[in-house]
Amino acid sequence: MIFSYDIIVVGGGHAGCEAAHIAAVMGAKTLLVTMDMTKLAQMSCNPAMGGIAKGQIVREIDALGGSSGIITDRSMIQFRMLNRSKGPAMWSPRAQCDRMLFSREWRKLLEQTENLAIWQEEASGIIIEDGVVKGVTTTFGTELRADAVILTNGTFLNGLMHVGFKTMSGGRSGDPASRGLSEQLRELGFEVERLKTGTSARVDGRSVDFSAMTEQKGDDDGRCFSYLHDRVDIKDQRSCYITHTNEKAHGILREGLKFSPLYTGRIKGRGPRYCPSVEDKIVTFADKEAHQLFLEPEGWETNEYYINGFASSLKLETQISALREIKGLENVIIYRPGYAIEYDFFQPTQLKHSLETKRVGGLFFAGQINGTTGYEEAAAQGLVAGINAVQKVRGKDPFILKRDEAYIGVLIDDLVTKGIDEPYRMFTSRAEYRILLRQDNADERLSPMAVELGTAEPGRIERLVEKYRMVDELMVFLKNCSISPEEINGFLKEKDTAEINQKIKAINIATRPQVSLEELLEQIGGSGKLSYAGSVRKTEIIEAAEIKIKYSGYLERERGIAEKIMRLEGLKIPEEINYEELASISTEGRQKLSKIKPDTIGQASRISGVSSSDVSILIMYLGR
Amino acid sequence: MNQVQKGKIICAPATSGGGAIALIRVSGQGAVETLSEIFQPADNQIDITKAKGYSLILGTISSHDEFIDQVLVSVFRAPHSYTGEEMVEISCHASPFIQHRIIEILIEKGVETAAPGEFTMRAFMNGKMDLSQAEAVADIIAADSEAAHRLAASQLRGGFSAGIEKLRHELVTFASLIELELDFSEEDVQFANRFAMTETVIKIKDMVDRLASSFRLGNAIRKGIPVVIAGRPNVGKSSLLNLLLQEERAIVSDIPGTTRDTIEEVLHLGGLLFRFIDTAGLREGGDEIEELGMERTRSKLRAAEVVLAVAEATDTDESIAALAASIGEITGNSGARLIVLVNKSDLITRKRIAELKRELKDICPCPALFVSASQSEGIEQVRKQLIASVETGKLDNPQYIVTNARHYEALKNVSDSLRRVLDGFRDGIPTVLIATDVRQSIYYLGQITGRITPDDILGEIFSKFCIGK
């Protein structure tokens, strides 16, 4: 039998699910190959989506027609908007999810997606003909043919788990590793390296004294991730709980270091600095007396809790004894220990911005296989790889987001330009145009692109148009509405801001930092006739208008800088350039440029090891 | 570009006239090979094409059996040369004929003449120096005085970069505190309070402003410190100028292109270059043309580093003080130093001089010197006062003087961004907006120090704070 598809996606994690779904939505005949279809889109680490910078990514995925936001809205058990006091660009949605429900919702969605088939088996090889990918082979020897293949193998490639000195081959606790693919890719000339990450113990909630901990509740204003949803009200939101480690627990952990695979040199892969294991914390920050732990509920119908902040690969006994020194965990019973995992990844500098490999046409990589961490980062890459695989098969231009358009653009440009030396996670500080890339305007930034690509669901663009029509209407009203001192001075005095002595336009009062637009609108009559007032999206509309009013100066300035700097992105570097001939460029710069082959001067300027004088020389060379 | 890059270039001797020896430099791959065609080592055993870098070889240059000169050749091998390329330096006798002849025959052998600054350009292109160093080379070549040379030389050695490096470090540390609040607000770490942050920004901004304000002095040192001579018509301004210049006639030169109504002349004093600007007399009223001259005088006064206000010994103390005050009004807070010169001291008695000095001390805020242009008296004092009026003390720390306009612009922009950060703290605006100004300041400082990346900031955070709850 011949099995033939347009696109095959290998791996059913966050990247794989997004890739397969979007390719099928775009009309490509798509196959998702997974080792275990009961574990699609598993949350292998903590059961949460979003957070600072990551929440913005989920909103972007949603605006582009991806599904992570929709699935999160369907499976969340708590929602919080983080960083509310830090300014609009920092607002970051975050949800605790029911881990099992999240996976089930994904499976339901994929099973209902037209053009999409699922195959449960391990993919063990890639079929390559004339340097171009033609499909994959499975462990039972089935040949699955396609014009494009997306690998999203996560931590499964030669995964090796550690608990104390015990090691076990596997891609995740309870799942076997995947072998053969790495070796084949290495033979093809791909650079394969090792990374390490870790996860924490999960505990039985019945053994935890939550009354001894600080409770952290969710917000109750119905916010959500998907632009397709007006609001999502979670009934009986679950709480998270905060407690702290102490000197006694540190003593036990320190004692246990002699059996640490990390500190005895057994683990070779590099781990992330921003997500250290608890043993790392007590060693690197030895003078800190307590570290915060965050207990996250795993779902509606389970009493399992994830202990965020306690990632460890120490011996099981050490983990339990140390936990039992901690307030509220004195009698804790664990379901599963924390462990560290080492896995293969491919330096992402081997990729183009489309996430297609430079070496093999039609072969795409997405997710942790590229050295990233995080469900959101993985899902974003899956989405982009899925779209670009379809574009490739159809002979269309790749879909590439720029750094001033989306966090996803920053993410991919960082990966393919700089490569990584520790698992890569998104931070807002990585985005130079941070205040342009907000969670409130991802729809405005990206949904028009989704329409063009054919990934936007019915209704998406109509909702976008409706939103900004109401925002514009409100803005026009504020620009035209005159307010007299008698009407408003009482309110201004109450808000501790200067009173007015003649009539002024409402919009001028709205610019004041002390005045919230919502309260101002309550003060002035006449806005009730506007369509926002009766809309279920009222809050969303007021917020969008308020950001446009209050931060217009900053937004314009940032936009101006972005446009100036992005001009360098317009300076294309011809593909056939031979950097070895440019003797005047530093040796390191030459090597990096030859390896990464930047598309533009802008990209060249971001490569580490390429100095600004190297860039000047390149510009001079291209100018001649 | 490759052709130009690989081509051999030749540089005519930098100094023409004076000195017995001239230097001709050839840079580019094959420079030694080319020279070997016209150069015969005195020691027959030596093969110059095999000579190691830094060797010195005595020999003769000849062309078609025509003896041209006995020369000393220095060989440099890439990348250990000024340009980073293979280089030879030919020390020949400084006769214009010999120099031209050697260059002529080198050109016959395929060497090209260098465009202005091409050697330095190649050094820059080959990564032998950074941009600020390359600019310093241009300054050194143009340096007209000892102080200017000292400044440029220190910058070439990287002294300026070292001073700026400290600033960069402070700013990166501060930026990391701001970013910590944004990206890691959910973490269990101690955030710096606004008061401490404000203190830090003020400290950094002071450093930046000090550097930026040194540009005025640095620029003056490079181009000549502008000294404006002002006063009523016929008080003896021109004769004072002539007196100052006469003494130093040997090293005075005219700067071409000066305006008709203000005469500019330069003079070296105490290792500093002064640029004297004589002005039309200061007088109220007058016709339109005179008013035009007055406006020019005013603008010259505003650009002055030192103003010599010339009065007459027969004036009253009040009128002298009024002159000083009216000039002070024009110069405003430009930072110009004012020196009152009371000319024609020979017209009054010593007793009257002492009396006037005493009176002026009380009502005139600047030093007053008594001179007599006609008797050539008191001029030495004026010279001393001129030198003292320039804060040469700053020159002992030359990395803190900015001479480069590009650096000055960047520092001004850093300072402006930091001022907005302070405003933001004062107004309590959201941190993410303050951060945009912090990023701006980092961007501008990066124009001097080389790029500062988000990885630099994140690295600082991860090294200082325990991230990962």
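## Exercises on a two-chain model

In α11(A), the buried residues are A:A442, A:D443, A:R445, A:L446, A:S447 and A:A450. A residue counts as buried if 20 or more other C-beta atoms lie within 10 Å of its own, as exposed if 12 or fewer do, and as partly exposed in between, with C-beta atoms placed from the backbone. Helices (H or I, at least four residues) and strands (E, at least two) are DSSP runs, numbered from the N terminus.

This is a predicted model: local features need pLDDT of at least 70, side-chain atom pairs count only at pLDDT 80 or more, and totals for chains, interfaces and linings use all residues. Residues are numbered from 1 along each chain as its sequence is written, while chains are lettered from A and ligands numbered from 1 in the order in which they are written.

### Exercise 1. Helix α11

Work out how the buried residues of α11(A) are arranged around its axis.

**Solution.**
- Start with the length. α11(A) covers residues 442–453, twelve in number.
- Check the span. First to last C-alpha is 16 Å, close to the 16 Å expected. The expected span is 1.5 Å times one less than the number of residues.
- Look down the axis. The buried residues fall within an arc of 165°, so they line one face of the helix. The arc is that of the directions from the helix axis to the C-beta atoms.
- Find the cover. It includes α2 and α12 (460–480) of chain A.
- Step past the end. A:G454 follows α11(A), with a positive phi near 85°.

### Exercise 2. Residue A:T373

Decide whether A:T373 is buried or exposed, and list what it touches.

**Solution.**
- Locate A:T373: it sits in the loop between β21 (363–365) and α9 (375–393) of chain A.
- Count neighbours. A:T373 has 22 other C-beta atoms within 10 Å, so it is buried.
- List contacts, leaving out residues up to four places away in sequence: A:T197, A:P272, A:Q368, A:P423, A:Y424 and A:R425. Contact requires C-beta atoms, placed from the backbone, within 7 Å.

### Exercise 3. Domains 1 and 2 of chain A

Describe the side of domain 1 of chain A that touches domain 2 of chain A.

**Solution.**
- Set the bounds: domain 1 is 3–197 + 343–452, and domain 2 is 199–340. Such bounds come from an automatic or database domain assignment.
- Take the centres over C-alpha atoms. They are 26 Å apart.
- Count the contact: 43 residues from domain 1 of chain A, 42 from domain 2 of chain A.
- Find the top contributor on the domain 1 side. β5(A) gives the most, six residues.
- Sort that side by type: 19 nonpolar, twelve polar and twelve charged. Ala, Val, Leu, Ile, Met, Phe, Trp, Tyr, Cys and Pro are nonpolar; Asp, Glu, Lys and Arg are charged; the others, Gly among them, are polar.

### Exercise 4. Chain A against chain B

State which element supplies the largest share of the side of chain A that touches chain B.

**Solution.**
- Count both sides. 40 residues of chain A meet 33 of chain B.
- List elements with at least two residues on the chain A side: β17 (292–297), β18 (304–311), α17 (552–570) and α20 (612–623).
- Pick the largest share. α20(A) supplies it, with four residues.
- Split the chain A side: 18 nonpolar, 13 polar and nine charged.
- Note the model scores: ipTM 0.88 and pTM 0.77.

### Exercise 5. Confidence in chain B

Identify stretches of chain B with pLDDT below 50.

**Solution.**
- Read the average. Chain B has a mean pLDDT of 78, and 76% of its residues score at least 70. pLDDT is the predictor's confidence in each residue, from 0 to 100.
- Take residues 14–18 of chain B: pLDDT is below 50, with zero contacts beyond near neighbours in sequence.
- Take residues 247–261 of chain B: pLDDT is below 50, with 18 such contacts.
- Apply the rule. Where pLDDT is low, predicted coordinates should not be read in detail.

Notes
Contact = placed C-beta atoms within 7 Å.
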